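Please read this note with the structure open beside it. Each point takes up one part of the chain and can be checked on screen.

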Amino acid sequence: MSAELAEAGFEAIEVADADQLESLLEHRPDVGLAILDGESDFDSTIEMYSMLHDGERNVACLMVVSSTALDRLSLAGRARVNGEFVTRPYSAASLRWRVEAMLIRAETMLIRAEALDDDARGAILDGEVTAASSATTRRGQIVVVFNPKGGVGKTTIAINTSAMLQLRKNQRVMLIDCDTVTGHVVASLGMTEIPTVVDVWTADLGTNETHSLSEIASAHTSGVAVLTMSRSPLHTEVLEPKRVAQAISAARDHYDWVVVDMHPDYGPLNQGIFALADHILVPVTPEVPTIRAAVQFREVAVELQIRDRLALVVNRSNSGISAGDVEKVVGFGAIAKIRSAGMLFVHAANGGHSAVEEYPKARVVGDIEALADRLIATRDNPGREESPFGGFMRHGRDLLGRLTSQSIGRGQTARIR
Ligand SMILES: Nc1ncnc2c1ncn2[C@@H]1O[C@H](COP(=O)(O)OP(=O)(O)O)[C@@H](O)[C@H]1O
Ligand SMILES: [Mg+2]
């Protein structure tokens, strides 16, 4: 683990017990994150955890725990629901991505806290208490849409969920096309002329400027802020994975939702974005090859420790295998089902619009609305929710998800490796 972190450019300092941790924290206020091994001496781990959250101190923690310890931790009320835990099996590489994502989040939070302080100071000088600063205290959620197979509805769902959240749910949405090879968000929205991140960041080189994603984005007729990484699969060197992940994380200050459409691969850019995501929507059409692709993704997700963020979207749900059976086979809960809508999406895209704008009364748009409502409900009330197909499931980074990911993981990592 230390070697892997060093390779990633982090300084990894090992401490053996709570006393050593205490003296380290006194000398090194710059410690950004702690990885706690809670598998051997759990009581000492709890002590160290408290130490890392003592008074003003709030060091992000990634804790390796056994499933029994995870139980104890949550029963003792010490674990926040979205705390960061790792259970076996895990690899050094997957921990590295988690560490990177957590540091990016912590860092952008710090920058934001400073900015808010300035705002607050300004507000006090102006003699007004701003509602704006409280409105910005909740950061946006990152929703990734991914399935390693093409043609399953990723782009369609990304576009229409974004438009639904923006138009009908009064949310601020940024939609990012991170597919630098086959991306077709901007074409479907009739926005092929807009500047890309590669264009702007390349022009920034050698100047003192770095444009943020919200500065580069262009407004679509639906009100969604649309952004595409590049126009061509070549010359994308400027899209350094860590920088892209940092920029996406920072965009959460300006939007309630950041929806990311991805290229079907497991490369460093995608791994960096997966690690940041609050939700990973996995569209699956009820056919065997697509279901197999989703099962493969679930196995990879176990390895990457993101299994609990996956939510199935059964697309073209009224054809082929039933939605409930798809859910059982892929092995993670569904958040929505979207019916097959003939040429409706194609017609909407030909006009450069989402179906939400073009066919607001269509039943399939109602399905998209149900998906958007569930995303909002999950954000506002993270916890237990009824599955649309009967029974119960849980969303988000919750206990059950972690335990399930662990039990699914045990039998399957051998195959992934
Ligand atoms: N529920 C649906 N009903 C009808 N057509 C759909 C539906 N979902 C996707 N499509 C169509 O299927 C094609 C592939 O969808 P797309 O979103 O581009 O997939 P991906 O991004 O996964 O490659 C598109 O022409 C799209 O309009
Ligand atoms: Mg696509």
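The points below go from the whole chain to its ligand, then to helices, strands and a few single residues.

1. Overall. The model is predicted. The protein chain contains 18 helices and 13 strands. Of its 417 residues, 40% are buried. Many contacts bridge long stretches of sequence: among those between residues at least 6 apart, 73% join residues at least 24 apart.

2. The ligand. Which residues come nearest to ligand 1? They are G153, K154, T155, T156 and F345, out of 14 residues around the ligand. Two elements, α7 (154–167) and α15 (344–350), each give two or more residues to this shell. The largest share comes from α7, with three residues. By class, the shell around ligand 1 holds five nonpolar, seven polar and two charged residues.

3. Helix α7. The same helix deserves a look on its own. From its first C-alpha to its last, α7 reaches 20 Å over 14 residues, and this is close to the 20 Å expected at 1.5 Å a residue. Is α7 mostly covered or mostly open? Mostly covered, since 13 of its 14 residues are buried.

4. Helix α12. A second covered helix is α12 (residues 268–276), where eight of the nine residues are buried. The buried residues are L269, N270, Q271, G272, I273, F274, A275 and L276.

5. A helix pair. Two packed helices are described by the angle between their axes and the distance between the axes. For α13 (residues 288–303) and α14 (residues 323–330), the axes come within 9 Å and cross at roughly 40 degrees. The crossing is right-handed. On the α13 side the contact is made by I291, A294, V295 and R298, and on the α14 side by V326, V329 and V330. By class, this contact has six nonpolar residues, no polar residues and one charged residue. As background to the spacing of such contacts, an α-helix has 3.6 residues a turn, so residues three or four places apart point the same way.

6. L312. This residue lies in strand β10 (residues 310–315). Why does L312 count as buried? It has 25 C-beta neighbours inside 10 Å, and 20 or more are enough for that label. Leaving out neighbours within four places in sequence, L312 is in contact with V282, V284, E327, V330, F332, G333, A334 and I335. One of these, V330, also belongs to the α14 side of the helix contact in point 5.

7. A336. Strand β11 (residues 334–338) contains A336. A336 is buried because 25 other C-beta atoms lie within 10 Å. Its C-alpha is 7.2 Å from that of L312, although the two residues are 24 apart in sequence. A similar check can be made with K337: L312 and K337 are 25 residues apart in sequence, with 8.5 Å between their C-alpha atoms.

8. Two residues with positive phi. Most residues other than glycine have a negative phi. H235 is not a glycine, yet its phi is positive, at about 55 degrees. Q305 is not a glycine either, and its phi is positive at about 65 degrees. Where do they sit? H235 is in the loop between β7 (225–228) and α11 (241–251), while Q305 is in the loop between α13 and β10. Their surroundings should be noted too. H235 is exposed, because it has 12 other C-beta atoms within 10 Å, and a count of 12 or fewer is the cut-off for that label. Q305 is buried, because its count within 10 Å is 25 other C-beta atoms.

9. F10. The last residue, F10, lies in the loop between α1 (2–7) and α2 (18–27). Its count is 16 other C-beta atoms within 10 Å, so F10 is partly exposed. Apart from residues up to four places away in sequence, F10 touches L5 and V99. The C-alpha atoms of F10 and R96 are separated by 9.7 Å, with their positions 86 residues apart along the chain.

How values were computed: Residues are numbered from 1 along each chain as its sequence is written. Chains are lettered from A and ligands numbered from 1 in the order in which they are written. This is a predicted model: local features need pLDDT of at least 70, side-chain atom pairs count only at pLDDT 80 or more; totals for chains, interfaces and linings use all residues. Axes are lines fitted to C-alpha atoms, for helices over the stretch in contact, and angles run from 0 to 180 degrees between N-to-C directions. Helices (H or I, at least four residues) and strands (E, at least two) are DSSP runs, numbered from the N terminus. A crossing is left-handed if the near helix is turned anticlockwise from the far one by less than a right angle, and right-handed if clockwise. Two residues are in contact if their C-beta atoms, placed from the backbone, lie within 7 Å. Ala, Val, Leu, Ile, Met, Phe, Trp, Tyr, Cys and Pro count as nonpolar, Asp, Glu, Lys and Arg as charged, and the others, Gly among them, as polar. A residue is near a molecule or strand if its C-beta atom, placed from the backbone, lies within 6 Å of it. The expected span of a helix is 1.5 Å times one less than its number of residues.
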